[in-house]
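Q: I've got this one open in the viewer and would like to zoom in on one piece of it. Could you give me the overall picture and then walk me through that piece?

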Amino acid sequence: MSSDLRVSPDHAVFVDGKLICARQLINGTTILQQTGWTSVEYFHVELDTHAILLAEGLPAESYLNTGNHGFFINGDQPLVLHPDLTDEMDYPTREAGSCAPFVSDEANVRPVWQHLAERAAALGQPAPQRDTTTDADLHIVAKGRTVRPLYGENGLYIFALPKGATEVCVVSRAGAPTDVKPWLNDSRSLGVYLERIVLRGASEVRDVPLDHPSLSQGWWAVERDGTVMRRWTDGKAVLPLPAFDGPTMLEIRACGGAMTYIVDADQNRRVA
């Protein structure tokens, strides 16, 4: 008699000849993410070589040492007190050391997710439908005030800055790509995808480079496509401003439709 199986989000199960992280197969019904627990105790089975085991009837991987023995109390390395169980840095090691193909890309994972979701639906447990939107609800907070755009169409947002503002917070909806498409291997909390920031004064126009070192709090790393730079916020990004005399307009150019948000999701969700 089998019981419900619980594994860490990054633990791989063996399905359709591939090893896939459990979190990429979540469908909200037959495969769920457990939340609300204050602590979790993990037990792993380590063999002489990586292998496929039956866990409550489900083929799943044994422990594969990718240099994380320090996660475990009986490991032979210094104990890591707060391990990140969804860290993707070890993926090359996992791919090389796995006893079966370890995959995480959309082309390999999405068909498996779809098959399992269809199977769940046939069992009377279809994946839940959630309300989504591509509207980022982009606005800024300056000097303690919420400022809505004077113009906001086709990815261009124009704001009138309060006099004397030295920094603003670029605020928007936020969510992880995996919230809407679980098969994607991207659990970052993403807000808006920006491609240009411009300040316009009475006699001066100044670009704020997306790779400026002052852009740190609330910003993901710069992404480059040749000479083009783009950068994600996390939904609450601090933007320091150079001094301008007189009325100043802030222009933000975002890539339209770059993100789909779950409407009822916490806009400031923390990365799991």
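To start, how many helices and how many strands are there in the protein chain? Then please take a close look at the open sheet of four strands: in what order do they come?

A: First, bear in mind that this is a predicted model. The protein chain has three helices and 17 strands. It runs to 272 residues, and 39% of them are buried. If you take contacts between residues at least 6 apart in sequence, 65% of them join residues at least 24 apart. On the outside, the accessible surface comes to about 15900 Å², and carbon and sulfur atoms hold 50% of that.

Now for your sheet. The order is β7-β6-β10-β15, with antiparallel pairing. The edges are β7 and β15, since each of these pairs on one side only. Going from one strand to the next, the twist averages 30°.

Let's go through it from the β7 edge. Strand β7 covers residues 145–147 and pairs with β6 in the antiparallel sense, over three bridges. One pair to pick out is Ala-142, whose bridge partner in β7 is Arg-145. The hairpin of β6 and β7 has two residues between the strands. Lys-143 sits in that loop, and its phi is near 55°, which is a positive value in a residue other than glycine. Is Lys-143 buried or exposed? Lys-143 counts as exposed because its relative accessibility is 55%, and the cut-off for exposed is over 50%.

On the other side of β6 comes β10, again antiparallel, with three bridges joining the two. Here Ile-140 has Val-170 of β10 as its bridge partner.

How does this sheet tie in with the packing? The largest nonpolar core has 32 residues, and the ones that touch the most other members are Phe-159, Val-168, Leu-194, Ile-197, Leu-239 and Leu-250. The strands that each supply at least two residues of this core include β6 (139–142), β10 (167–171) and β15 (236–240) from your sheet, along with β9 (156–160), β11 (193–200) and β16 (249–254). The most comes from β11, with four residues.

Phe-159 makes a handy probe here. Leaving out its neighbours within four places in sequence, Phe-159 is in contact with several residues around β6 and β7, among them Leu-138, His-139, Ile-140 and Val-147. The same list also has Arg-148, Pro-149, Thr-248, Met-249, Leu-250 and Ile-252. There is also a second, separate core of 12 residues, including Val-15, Leu-25, Val-103 and Leu-116.

While you're looking at β11, follow it across to β14. Strand β14 spans residues 228–232 and is joined to β11 by two bridges, running antiparallel. Leu-194 stands opposite Arg-231 of β14. Strand β14 also pairs with β13 (residues 223–225), through three bridges and again antiparallel, and there Glu-223 stands opposite Arg-230. The hairpin of β13 and β14 has two residues between the strands, and Gly-226 has a positive phi near 65° in that hairpin.

So what about positive phi elsewhere? Asp-16 also has a phi near 55°, positive in a residue other than glycine. You'll find Asp-16 in the loop between β1 (12–15) and β2 (18–21).

Last, the cysteines. A disulfide is a covalent bond between the sulfur atoms of two cysteines. With sulfur atoms within 2.5 Å as the cut-off, the count here is zero disulfides. Cys-169 is buried because its relative accessible area is 15%, under the 20% limit, whereas Cys-99 counts as partly exposed at 39%.

Technical notes. Residues are numbered from 1 along each chain as its sequence is written. This is a predicted model: local features need pLDDT of at least 70, side-chain atom pairs count only at pLDDT 80 or more; totals for chains, interfaces and linings use all residues. Side-chain values use heavy atoms; hydrogens and water are left out. Buried means under 20% relative accessible area, exposed over 50%, partly exposed in between (1.4 Å probe, protein chains only). Contact means heavy atoms within 4.5 Å. Accessible areas come from the Shrake-Rupley method with a 1.4 Å probe; for residues, only the protein chains shown count as cover. A nonpolar core is a set of buried Ala, Val, Leu, Ile, Met, Phe, Trp, Tyr and Cys residues joined through side-chain atoms within 4.5 Å. Two strands pair if DSSP finds at least two bridges between them. Axes are lines fitted to C-alpha atoms, for helices over the stretch in contact, and angles run from 0 to 180 degrees between N-to-C directions.
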